[in-house]
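Let's take a walk through this structure together, starting with its interior and then turning to its pockets. Please keep the view open as you read.

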Amino acid sequence: MTTVNSDKLSSARFAEATDAFVEVFTASVDFDKRMAEQDIQGSIAHATMLCKIGILTEQERDDIIGGLTQIGQEIRDGNFVWSIKQEDVHMNIEARLTDMIGIAGKKLHTGRSRNDQVATDIRLYLRSEINSISDQLMRLQTAILDLAEKEADTIMPGFTHLQVAQPVTFGHHLMAWFEMLSRDYERLQDCKKRLNIMPLGAAALAGTSYPIDRQMTSDLLGFSRPSANSLDSVSDRDFAIEFTAAGSLIMMHLSRFSEELILWSSAQFNFIDIPDAFCTGSSIMPQKKNPDVPELVRGKSGRVTGHLMSLLMLMKSQPLAYNKDNQEDKEPLFDTVDTLINCLRAFADMVPHIIAKRQNMYHSAKRGFATATDLADYLVRKGMAFRDAHEVVGQAVRLGLDSSRDLSELSLAELQHFSATITADVFDVLTLEGSVAARKHIGGTAPETVKRAIQAARQGMPTGQ
């Protein structure tokens with residue numbers, strides 16, 4: 001006689017037991033159990049609503065809420081027994097609830113499906129994690145502001161094509177990082193607006209014939225509103241893709257920060273010192289101090305971008321509505337969350353202890369004719385056309401290269417050989433200090449402008465979620 005797996009709540013339809021390998025292969029409880037808190041939260045709201053519309057008695061509602069509360073404590077204490085036979089977090093919790101309180105536990109699933117249940121759980125989970133990620137982002141932003149304020153006057157070379165271009169200050173450079181993170185923060189908040197829509201009540205795909213109050217459930221769970229279409233509700237994973245896209249941008253930014261920290265801490269640049277606590281040595285070369293944290297963060301950026309591609313490929317060919325494919329959305333999403341939080345935390349802990357080697361930065365800025373554009377601008381202000389000024393400065397730079405001198409080290413007579421327009425006041429713009437100080441406009445490199453930008457950034461930062 002054929003037997004069925006009677007341990008499963010959904011087993012009555014089947015005449016054969018699930019193949020042992022398939023049971024393991026299709027189960028998701030090993031990873032989706034991290035949404036247990038959100039699953040319980042959603043079930044409590046659902047039970048409260050079912051009582052209001054008369055599906056549950058007040059006693060049944062209270063028994064369900066009490067049982068779910070106890071299950072939540074068992075999970076937090078590590079005493080809950082998870083079973084692959086129950087497939088996922090939802091069925092595990094429901095089975096345990098039914099064991100505890102009897103038939104009332106079986107009534108909890110009235111008017112919903114695992115399809116809208118999991119869609120709700122993911123949104124609740126991601127909403128909470130976006131808040132945690134945003135907190136780490138702000139920690140890093142604060143650390144950057146503090147370091148930028150300390151280094152607002154520290155002159156360093158600015159680069160294009162990784163060649164010395166014009167002098168900037170280290171504080172100004174750090175504030176560029178801050179701006180990138182500010183956009184990241186805004187993207188996360190914008191993403192949260194679109195995911196904060198409740199799918200619960202869409203049931204399997206077509207809604208339910210019970211007179212459910214979706215607005216009540218939405219309010220209880222803190223969603224902005226219930227979703228508008230049941231088909232879309234259970235099949236939509238746009239919010240997960242959007243979040244992972246925002247996460248990919250964050251990791252791309254952290255990777256760019258990492259690359260600069262790695263370069264700057266090398267002997268060839270020697271601009272900064274990364275604290276020992278965030279570096280390691282070599283197993284064979286005793287002199288080595290490797291910037292492991294920035295290198296690892298740079299490497300981890302690839303996995304988040306990969307998760308974005310995975311989610312896009314997961315959804316690109318799916319017909320409406322729910323398909324088992326969607327079980328594959330959770331592991332890339334969970335790993336994206338973990339990677340973001342860990343990388344942001346590592347940077348937020350590391351940045352306050354970075355030491356700028358100011359003299360090395362200054363001397364490096366003097367080596368690449370960083371004030372050449374300032375000389376061209378000087379000639380333009382004297383009435384020369386910019387293209388002609390560009391040619392004059394190019395000739396002066398050639399003399400500097402041939403004689404291994406910076407523009408500021410050329411004599412007035414030598415400079416006047418290229419243009420009689422040049423007078424003694426030219427040396428005011430050829431110094432590094434004069435160059436950075438001249439850029440006082442909004443967004444410029446002048447130390448006073450950088451300090452105002454830091455002050456404005458502090459005032460504009462959000463105070464909490």
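What follows is a short tour of the cores and pockets in this predicted model.

A good place to begin is the largest nonpolar core, which has 71 residues. Which of them touch the most other members? They are Phe243 and Leu254. Several helices each supply at least two residues of this core: α7 (114–150), α8 (170–195), α11 (238–264), α12 (292–315), α13 (330–350) and α20 (447–460). Among these, α7 gives the most, with 14 residues.

Try centring the view on Phe243. Setting aside its neighbours within four places in sequence, Phe243 is in contact with Leu126, Ile130, Ile133, Leu188, Cys191, Leu333, Thr336, Val337 and Leu340. A second core, separate from the one just described, has 19 residues, including Ala389, Val392, Val397 and Ile422.

Now for the pockets. The largest has a volume of about 400 Å³. Its lining consists of 18 residues, and those closest to the centre are Phe159, His173, Trp177, Arg256 and Glu260. Two or more lining residues come from each of β1 (155–160), α8 and α11. By class, this lining has 10 nonpolar, 5 polar and 3 charged residues.

The second largest pocket has a volume of about 320 Å³. Of the 19 residues lining this pocket, Met175, Phe178, Glu179, Ser182 and Ala457 are the closest to its centre. The elements giving two or more residues here are α8 and α20, and α8 provides the largest share, 8 residues. The lining of this second largest pocket divides into 10 nonpolar, 7 polar and 2 charged residues.

Definitions and conventions. Residues numbered from 1 in each chain as written. Predicted model: local features only at pLDDT ≥ 70, side-chain atom pairs only at ≥ 80, totals over all residues. Heavy atoms only, no water. Core = buried A, V, L, I, M, F, W, Y, C linked by side-chain atoms within 4.5 Å. Buried < 20%, exposed > 50% of the residue type's maximum accessible area, 1.4 Å probe, protein only. Helix = DSSP H or I, 4+ residues; strand = E, 2+ residues; numbered from the N terminus. Contact = heavy atoms within 4.5 Å. 1 Å grid on protein atoms, 1.4 Å probe; cavity = no way out; pocket = protein on both sides within 12 Å on 5 of 7 lines; lining within 4 Å. Points joined across faces, edges and corners; volume = space filled by probe spheres on them. Nonpolar A, V, L, I, M, F, W, Y, C, P; charged D, E, K, R; others polar.
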